[in-house]
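Me: Please take a close look at the salt bridges of this model, and at the surroundings of their partners.

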Amino acid sequence: MKSKEQQAKEHAAGVPYYQDRRQHAADDFIAGWDAAEMWRTDKENMPDNGFVLVLYGETPMLLSGKYAKGQSVVKYWKPIPEMP
């Protein structure tokens, strides 16, 4: 299986125009990969204040952490990424 870095380079190679855009495309690919790996199952560490992204059954939803903790159908959650 190819590493995420190898897959990012292959993805970026298909980006047209300037070389510097290819590096941005590779960086974005890796950032998306890393974000996808952030799903957590430990609901006891879910924050009470603010919102989290959860899988409510099989549907992704934005819920308050306090509410999501009490829902048995919520199996996975992740913090909302900070804005750039």
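Reply: The account below turns from the model itself to its charged pairs and then to its core.

This is a predicted model, in which local features need pLDDT of at least 70 and side-chain atom pairs count only at pLDDT 80 or more, while totals for chains, interfaces and linings use all residues. Residues are numbered from 1 along each chain as its sequence is written, and side-chain values use heavy atoms, without hydrogens and water. The mean pLDDT (the predictor's confidence in each residue, from 0 to 100) is 81 for the chain, and 88% of its residues reach 70 or more.

The count comes to 3 salt bridges, each defined as a side-chain nitrogen of Lys or Arg within 4 Å of a carboxyl oxygen of Asp or Glu. Lys 69 pairs with Asp 48, the closest N and O atoms lying 3.0 Å apart. This pair links distant parts of the chain, since Lys 69 belongs to helix 3 and Asp 48 to the loop between helix 2 and strand 1, 21 residues apart. Helices (H or I, at least four residues) and strands (E, at least two) are DSSP runs, numbered from the N terminus. Lys 69 is partly exposed at 28% relative accessible area, and Asp 48 is partly exposed at 43%; buried means under 20%, exposed over 50%, and partly exposed in between (1.4 Å probe, protein chains only).

In the salt bridge between Asp 42 and Arg 40, the N to O distance is 2.9 Å; Asp 42 is buried at 18%, whereas Arg 40 is partly exposed at 32%.

Lys 69 is also among the contacts (heavy atoms within 4.5 Å) of Met 46, which include Val 52 and Trp 77.

Conventions:
Lists of a residue's contacts leave out its neighbours within four places in sequence.
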